[in-house]
Amino acid sequence: MAELQLPNETAAGDSGIRNFSRRAFLRGTGGLALGIYFAPLLGRRGLAEAAGDDFEPNAFLRIGSDGVVTVIAKHVEMGQGSYTGLATLIAEELDADWSRVRVEGAPANTELYKNLAFGLQGTGGSSAIANSFEQMRKAGASARAMLVAAAAGQWQVPAEQIAVRQGVVEHAASGRRAGFGELAEAAARQPLPADVKLKDPKDFSLIGRQKLPRTDSPDKTDGSALFTQDIRLPDMLVAVPAHPPRFGATPSKVEASKARAVPGVVAVVEYPGDERRFAGVAVLATNTWAAIRGRDALQVEWDESKAFRLGSTEILARYRELAGQPGAVARNEGDAGSALEQATRRIDAEFEFPYLAHAAMEPLNCVVRLDEGRCEIWNGEQWQSGDQQLVAQLLGIAPEKVSITQLYAGGSFGRRANPHSDYVLEAVSIARAARDQGLKGPVKMVWPRDNDTRGGYYRPLFLHRASLGLDGEGRLMAWQHRLVGQSFMQGTPFESLMLKDGIDKVAVEGIDNLAYAVPNLHVELHLAQGIGVPTQWWRSVGHTHTAYATETLIDEAAVAAGKDPYQYRRALLDRHPRHLGVLDLVAEKAGWSAALPPGAQGERRGRGIAVHESFGSFVAQVVEVTLKPDHSYRVDRVVCAVDCGLAINPDVIRAQMEGGIGFALSAAMHSAITLKDGVVEQSNFHDFQVIRLNEMPQVEVHIVPSAQAPSGVGEPGVPPLAPALANALFAASGKRIRRLPIGNQLQA
């Protein structure tokens, strides 16, 4: 394998687009090797496309002599549609034939492929399209200009008389026509334009189209899509780790004879950990099943002298003590304390939100190959910059000696963007320990579902305590709110950016910027210390709990005021047109002004509403439920309105809202990670339950037309669902839900 060589750049414009030979880059970083090793699996993204006289105008696209346009996606495709969205932006300005557009993941290279919102290479925060909107369009427009220049030179006609439509370059006056592939070689010799003019939105032919086929669907449909689990390298071993029962424990004695006796098991290795990742024992075998059986046969004694031993009940008790004390101030307007004392009516509430696992369909895994002085990684990679840096530190090599090949991820919801690179470092540690035993082949580390469920890095447990005060007319005059929870920013490279004066921005997001017009608003935060449960971001992050607390409280205030919850919100949001836009649209589409059809005999119907802004997008949802005579319930219908600025791919937006609603329903209705004496009580989907197919309601999604810059859709569909559901259940049952998941609380 060749040493890593960074590309030679030849031009860079204001757009941040770099012009260089990506083919040379592939040779240096392992992409060519990938083609050789995986030729049978590569399918349409095979070696042939990478080996011809391709036109590679910049880091984001390649046009082969066959006319196929390959978009290089700097953001991982984990089901959210980023590959389709990024390709749409490029193809629009390139005037490409959509049926001939393909996408492949970008290698790790922070300078070329950084997320412009973060300054690092990574996918998260619903930022993929928002940060790429102009950059990708300029990449496509630059390539188009070079193709036109090549045609003008060959045909000896003015470039201004040349048109490009669906992958065909043509000069109407002379009747000359050529496909992209015919011009690729000549276009590659053209200089990169210093500046390009982007299309007027009225001329878009792909952006905003209702049904543009997703680029990842064919591969995922015919089984040729490459996930980490599909990777098979020569001499590769599969490693399954045995993790300690309590966070912070380390192996003190390992009896591995029974594990080694399992057919297929090759070795057992121990590896060190630290505060960021497990110390453990891993069984290496020729296949996954043998490795799992070998792990189960291990006999390990654990040193628990530094292990965390509290349960969820004890953690909540600590949080309640903190909630009784003043915290760091996140927002303060007016005098909420005095206004509460003068209130005619007061609402006091306490909310509990549990730890939550990400529970993606594809459990965590990572392929590592160590060679002399370099490391190669294959992964559904969400956090290239961080992983590359921390792996380099662990191995004592330069970051450019760590290459990362980005594959599809079978879901993630934030888990594969761990700020500590925990599972990637663990895979590297296992590969290094195996190498120390003379096993020099690559290693694929796999966490079976029980490892994944008990592996930590959860959405943090949070406690909220709030008081609202209303005047005699039902107007909202005061709001005091105190939150207690862990900060997962502490100890990460983001700490200096995200933590200030005791406030973790992601812990209070959604309430420190509360849009409702409340004259006296006071928000405080306690960051709990000494809780040894690893936590990190989870889909829609802090908004998952702040939206629930604020939107159920505002509903309760409306009821206390004797007002319609929709109209009550409207009155408090009259200075926020985008909130009002989704609120009005969802009320109209849900038929809010009409009474719900009655249920069967003994059943009660209820309808709830919620609106929330997150990641620059605005979402309102109406949930309809049926409460049965035995106090169980059914979610019948969810109506959703979203304003995410200019809708690049409406079908993807609808899919993301639908997926977000299903994801949020799981957490609202069933899911929780609980601890007892420091041990996680759940292990798999039988006790960390997500919704079943028969629980998925009818979902309708409506998009607010907008000319605003596009914002994200991967996360904003989640926050309003749980409060809208709780408000609907209150309408049906008269009972407020203060603790998630809802479970069987209505039956108590």
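On a 1 Å grid over the protein atoms alone, a pocket is an open set of points with protein on both sides within 12 Å along at least five of seven lines, and its lining residues have an atom within 4 Å of a point. A volume is the space filled by probe spheres set on the points.

The model is predicted, so local features need pLDDT of at least 70 and side-chain atom pairs count only at pLDDT 80 or more, while totals for chains, interfaces and linings use all residues. Residues are numbered from 1 along each chain as its sequence is written, and side-chain values use heavy atoms, without hydrogens and water.

**Exercise 1. Describe the second largest pocket and its lining.**

Step 1. The volume of the second largest pocket is about 780 Å³.

Step 2. This pocket is lined by 30 residues, and those closest to its centre are Glu275, Arg276, Tyr457, Gly532 and Pro534.

Step 3. Sort the lining by residue class. Ala, Val, Leu, Ile, Met, Phe, Trp, Tyr, Cys and Pro count as nonpolar, Asp, Glu, Lys and Arg as charged, and the others, Gly among them, as polar. The lining then divides into 13 nonpolar, 12 polar and 5 charged residues.

Step 4. Take Tyr457 from the residues closest to the centre. Tyr457 belongs to the loop between helix 16 (449–454) and strand 21 (462–470). Helices (H or I, at least four residues) and strands (E, at least two) are DSSP runs, numbered from the N terminus. Tyr457 is not a glycine, yet it has a positive phi of about 55 degrees. Its relative accessible area is 5%, so Tyr457 is buried; buried means under 20% relative accessible area, with a 1.4 Å probe and protein chains only.

**Exercise 2. Place strand 19 (residues 402–406) in its surroundings.**

Step 1. Check burial. In strand 19, 5 of the 5 residues are buried, so the strand is largely enclosed by the rest of the structure.

Step 2. Check the two sides. Val402, Ile404 and Gln406 point one way, while Ser403 and Thr405 point the other way.

Step 3. Find the partner. Strand 18 (residues 374–379) runs parallel to strand 19 and is joined to it by 5 bridges; strands pair if DSSP finds at least two bridges between them. Ile377 stands opposite Ile404.

Step 4. Add the connection. Strand 18, helix 14 (residues 384–395) and strand 19 form a right-handed β-α-β unit. Right-handed means that, with the strands pointing away from the viewer, the path from the first strand over the helix to the second runs clockwise.

**Exercise 3. Which rings form a cluster with Trp383?**

Step 1. State the rule. Rings of Phe, Tyr and Trp (its six-membered ring) pair if their centres lie within 6.5 Å; planes under 30 degrees apart count as stacked, over 60 as edge-to-face and the rest as tilted. The count is 17 aromatic pairs.

Step 2. Trp383 and Phe494 make a tilted pair, 5.6 Å centre to centre with 50 degrees between the planes. Trp383 is in the loop between strand 18 and helix 14 and Phe494 in the loop between strand 22 (476–485) and helix 17 (495–498), so the pair ties together parts 111 residues apart in sequence. Both Trp383 and Phe494 are buried.

Step 3. Phe488 and Trp537 make an edge-to-face pair, at 5.8 Å centre to centre and 75 degrees between the planes.

Step 4. Ring pairs link Trp383 with Phe118, Phe488, Phe494 and Trp537 into a cluster.

Definitions and conventions: On a 1 Å grid over the protein atoms alone, a cavity is a set of points where a 1.4 Å probe fits but cannot get out, and a pocket is an open set with protein on both sides within 12 Å along at least five of seven lines; lining residues have an atom within 4 Å of a point. Buried means under 20% relative accessible area, exposed over 50%, partly exposed in between (1.4 Å probe, protein chains only).
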